[in-house]
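This report is meant for someone meeting the structure for the first time. Please look at the sequence and the fold below before reading on.

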Amino acid sequence: MSKKLGIYVHIPFCASKCAYCDFYSLAECDRLMPRYHNALLQHVREAAPQLQARYTDSVYFGGGTPSYYGARRICDVFNALKRAGLIYKTAEVTMEANPDSIRYHDLLLLRSEGVNRLSLGAQSANDDILKLIGRRHSWRQVVSAVKRARDAGFDNVSLDLIYGLPSQQREDWADTLGKALELEPDHLSCYGLKLEEGTPIYAYKDSAILPTDDEQADMYLYTVETLDRYGYHQYEISNFAKKGKECRHNLKYWLLQDYMGFGPAAASSVGDMRYTYVSDLKAYISGVQNGKNILAEQERLDLLGRAAEYLMLGLRTVRGISEKEYHNLYRSDFLPLRELLEEFRHKGWAVNEGDRWHFTPSGFLLSNLLIGLLLEKQGEYKLSGNPWVDSMDLFTERAELPEGDEVFYH
Ligand code: SF4
């Protein structure tokens, strides 16, 4: 088990809600920012013993809109984390930003404090579509935000894009992708639009304004092929990077490495524990300040749960899953899964290299279904007991410090 830790900080504030968004974020709640800030800093201070049980090599400020919360506040939280934990100076430190709320002097401040990766919500190069989905910025603002980030010294910039948007055709998506490539980002996340119930865009369900499933699939395959041609290799269903620019923090989610969250709705995964804080800003603030319970869910995964997680998350990546790893970690026979994976291979949905299996782009398109079939198969076989896994430590034992602790922030 890796002794490295990722830290996620959730910033639940936005200037306004986008039509497709079902993340836990609130618009018109700016008055709560100062109280939230105090609660967050208190939470970080109180978590110092847990933070010091691991070496932190990634920090991620997500949301919501961290850039709207403000660079000064983000730096305050990062500095509190530096004091409370053991954060490598080489840690990947990401902040999500929207093009309309990131100024040059903010970027300079963030860089000077150690934030070294910017993830920019760009979504589309078509201004009409941006307006339709409730984004507050234009493509021109995306272009100028990328330039400002480069000028301020960010050499790791990622763009988020969405395909399958209302009124979008493949040509329009190709245009967005082309314009994004002109900006030479280091990393691209390309998500297919998902209609979440309760969001304004859900009203378009079954409407002809949305691309069909086949058209959306076509856009996805076009994305994989085009980005590969431009030197962005796919390392997860929706994520593409130039060599060495894969997002270390997000990889932790898929490779079952430890991460701890802060803020409402933030999830944590440490050893075999999984827990999530309440999706309620006021409850989170008062819970932290009055020493009350802020957990919404907590679970200790058993062996089957961990093996299922290994399949579900591992198969989102191009690294995939390994027969040997599966057997060693879960002391279970891979054969029934291999039989199913062989079937997928014949259909062009999976490939195997050595003892590893991963999906092809057409397999990724069906990944929910395929993973469901694998989990069903896995559930038919009893996983054998494995006492040493059950005694896995949870902040109980601290690893030896590596040579020279000057590598950490103080
Ligand atoms: S800016 Fe991001 S988090 Fe905020 S509403 Fe839009 S998509 Fe959701």
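Two strands are taken to pair if DSSP finds at least two bridges between them. In this predicted model, two bridges join strand 15 to strand 17, which covers residues 356–359, and these two strands run antiparallel. One residue pair can be named here, since Ser-322 has Arg-356 in strand 17 as its bridge partner. Helix 14, made of residues 335–346, packs on the sheet, where it touches strand 16 and strand 17, and its direction makes about 115 degrees with that of strand 16.

The sheet as a whole is open and consists of three strands in the order 15-17-16, with antiparallel pairing. Strand 15 (321–322) and strand 16 (350–353) stand at the edges with a single partner strand each, so one side of each is left without a neighbour in the sheet.

The protein is divided into domain 1, spanning 4–253, and domain 2, spanning 303–390, and the C-alpha centres of the two domains lie 29 Å apart. Their contact takes nine residues from domain 1 and eight residues from domain 2. On the side of domain 1 that touches domain 2, helix 9 (213–229) and strand 9 (233–236) each supply at least two residues, and the largest share, four residues, comes from helix 9. By character, the residues of this side of domain 1 divide into seven nonpolar, one polar and one charged.

A ligand has its own surroundings, formed by Cys-14, Lys-17, Cys-18, Cys-21, Phe-23, Ser-25, Gly-63, Gly-64, Thr-65, Asn-98 and Gly-121. This shell divides into four nonpolar, six polar and one charged residue. Two of the residues around the ligand, Gly-63 and Gly-64, are joined by a cis peptide bond with omega near 20 degrees, and Gly-64 lies in the loop between strand 4 (55–63) and helix 3 (66–69).

Most residues other than glycine have a negative phi, and most peptide bonds are trans. Two residues with a positive phi are set out in the table.

| Residue | Phi | Loop |
|---|---|---|
| Ser-167 | about 70 degrees | between strand 7 (157–163) and helix 8 (170–182) |
| Glu-184 | about 50 degrees | between helix 8 and strand 8 (187–192) |

Are these two residues buried or exposed? Ser-167 has 14 C-beta neighbours inside 10 Å and therefore counts as partly exposed, whereas Glu-184, with 11 other C-beta atoms within 10 Å, is exposed, because a residue with 12 or fewer such atoms is placed in that class.

Technical notes. Residues numbered from 1 in each chain as written. Predicted model: local features only at pLDDT ≥ 70, side-chain atom pairs only at ≥ 80, totals over all residues. Near = placed C-beta within 6 Å. Nonpolar A, V, L, I, M, F, W, Y, C, P; charged D, E, K, R; others polar. Contact = placed C-beta atoms within 7 Å. Axes fitted to C-alpha atoms, helices over the stretch in contact; angles between N-to-C directions. Domains from an automatic or database assignment. Buried ≥ 20, exposed ≤ 12 C-beta atoms within 10 Å, placed from the backbone.
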